[in-house]
Amino acid sequence: MTDDTSNTRELEDSIVTDFDKRLSYGEYLALDEILGAQHLRSEPTHHDEMLFIIQHQTSELWLKLMLHELRSARQSLAADDLGTALKRIARVKHIQTTMTEQWSVLATLTPTEYAEFRQFLATSSGFQSYQYRAVEFMLGNKNEKMLEVFESDPAAHELLQKLLHEPSLYDEFLRYLHRAGFPIPETLLQRDVTLAHVFTPDLVPVLVDIYRTSKEHWRVYEACEELVDLEDNFQLWRFRHLRTVARTIGIKAGTGGSSGTQFLEKALSLTFFPELFAVRNEIGA
């Protein structure tokens, strides 16, 4: 008979408890490596450095998954599989939401607390996140000069070099539209993909027509709005990053040598899909 006052739950007989020859949860996830990867450098050890490290490590894990999904979305567009591409983009949007919300955790770090271990970061900086740069490259914000930061990291440099010469997600979307019969300007279909995408006025009427005939082109119209969501979410992440940095270090320079908040503010002017936002100027005008 079960004692209802014990406030315990008995293990069911079918639950596996012997892992001598069975795969465990910890082994599958390599938890020994992940949970052992927080190496505090402050001396004496500062309590809040653990927060700082885990915040950035988890962000890198989410960026890894984001890259995984964006590459699949791009591949799906190249194969004319819009449905799968939209599924991947939808997942990326949820990742973005999680990453943006994460800033609220780091924002609990006060200027005084951060100042006690900031010196131990030396020249390390989030600016040096190659996965973040890879996501930007995937979305079309290419900048070959960024590769200089990663010359000492062959694997990171190779990844960015590869993505630099590959079409972005937007490039593949426009190629998809071209194959679907939409009059995409030839300059965009033949453009140098190593350069950042820039606003192309001739594309706007094509997209305006899609919006105005959304009932006839619903899936393509939906895809346009998904890309708008993607950029909006990215800008929200950038803004929350900026505000978290501002409340933690003010206007001081970044540990990696940047101007800090001034440098982050400039990123807010960068855009991935400018024509999709220009459509708003035409609809209803």
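Buried, as the word is used here, means that a residue has under 20% relative accessible area, while exposed means over 50% and partly exposed covers what lies in between. The exercises below concern a predicted model.

**Exercise 1. Describe the overall make-up of the protein, beginning with its secondary structure.**

Step one is to count elements: the protein has 13 helices and zero strands. Step two is to look at the extent of the chain, whose C-alpha atoms fill a box of roughly 70 × 55 × 40 Å when it is taken along the principal axes. Step three concerns burial and surface: of the 285 residues, 42% count as buried, and the accessible surface comes to about 16,800 Å², with 54% of it belonging to carbon and sulfur atoms. Step four turns to contacts between residues at least 6 apart in sequence, of which 72% join residues at least 24 apart.

**Exercise 2. Identify the buried residues of α13 and state which helices help to cover them.**

The first step is to list the residues of α13 that fall below the cut-off for burial, and these are P274, E275, L276, A278 and V279. The second step is to ask what lies over them, and the cover includes α8, α10 and α11. The third step is to approach the packing from α10, where the buried residues are V204, V206, L207, V208, I210 and Y211. These residues of α10 pack against α8, α11 and α13, the last of which spans 274–282. As a final step, one may follow the chain just past α13, where G284 takes a positive phi of about 85 degrees.

**Exercise 3. Locate the salt bridge between R133 and E136, and decide whether its two residues are buried or exposed.**

Begin with the distance: the side chains of R133 and E136 meet at 3.1 Å, N to O. Next, place the pair in the fold, where both residues lie in helix α6 (residues 130–139), three residues apart, or about one turn of the helix. An α-helix has 3.6 residues a turn, so residues three or four places apart point the same way. Finally, apply the cut-off of 20%: R133 is buried because its relative accessible area is 7%, and E136 is buried because its value is 5%.

**Exercise 4. Examine the salt bridges R191–D171 and E222–R219, and say where each pair lies.**

For the pair R191 and D171, the side chains meet at 2.8 Å, N to O. R191 lies in the loop between α9 (186–189) and α10 (204–212) whereas D171 lies in helix α8 (residues 169–179), so the pair ties together parts that are 20 residues apart in sequence. Both R191 and D171 are buried.

For the pair E222 and R219, the closest N and O atoms are 3.0 Å apart. The two residues stand three apart in helix α11 (residues 218–249) and are therefore separated by about one helical turn. Here E222 is partly exposed, with a relative accessible area of 28%, and R219 is likewise partly exposed, at 41%.

To place these pairs in context, the whole structure holds 14 salt bridges, and E69, R88 and R91 are linked in a network of such bridges.

**Exercise 5. Find the residues that make a nonpolar surface patch, and classify Y25 by its accessibility.**

The patch, of about 520 Å², is made by L23, Y25, Y28 and L29. Y25 lies in helix α1 (residues 25–28). Since the relative accessibility of Y25 is 62%, and the cut-off for an exposed residue is over 50%, Y25 counts as exposed.

**Exercise 6. Account for the backbone features at P44, A30 and A122.**

A general expectation comes first: most residues other than glycine have a negative phi, and most peptide bonds are trans. The peptide bond from E43 to P44 is cis, with omega near -5 degrees, and P44 sits in the loop between α2 (31–35) and α3 (49–78). Phi of A30 is near 50 degrees, a positive value in a residue other than glycine; A30 belongs to the loop between α1 and α2 and is partly exposed, with a relative accessible area of 27%. A122, also not a glycine, has a positive phi of about 55 degrees. A122 is found in the loop between α5 (111–115) and α6, and at 51% relative accessibility it counts as exposed.

How values were computed
Residues are numbered from 1 along each chain as its sequence is written. This is a predicted model: local features need pLDDT of at least 70, side-chain atom pairs count only at pLDDT 80 or more; totals for chains, interfaces and linings use all residues. Side-chain values use heavy atoms; hydrogens and water are left out. Helices (H or I, at least four residues) and strands (E, at least two) are DSSP runs, numbered from the N terminus. Buried means under 20% relative accessible area, exposed over 50%, partly exposed in between (1.4 Å probe, protein chains only). Contact means heavy atoms within 4.5 Å. Accessible areas come from the Shrake-Rupley method with a 1.4 Å probe; for residues, only the protein chains shown count as cover. A salt bridge is a side-chain nitrogen of Lys or Arg within 4 Å of a carboxyl oxygen of Asp or Glu. Patches are made of residues with over 30% relative accessible area and no salt bridge: like charges are joined within 9 Å, nonpolar side chains (Val, Leu, Ile, Met, Phe, Trp, Tyr) within 5 Å.
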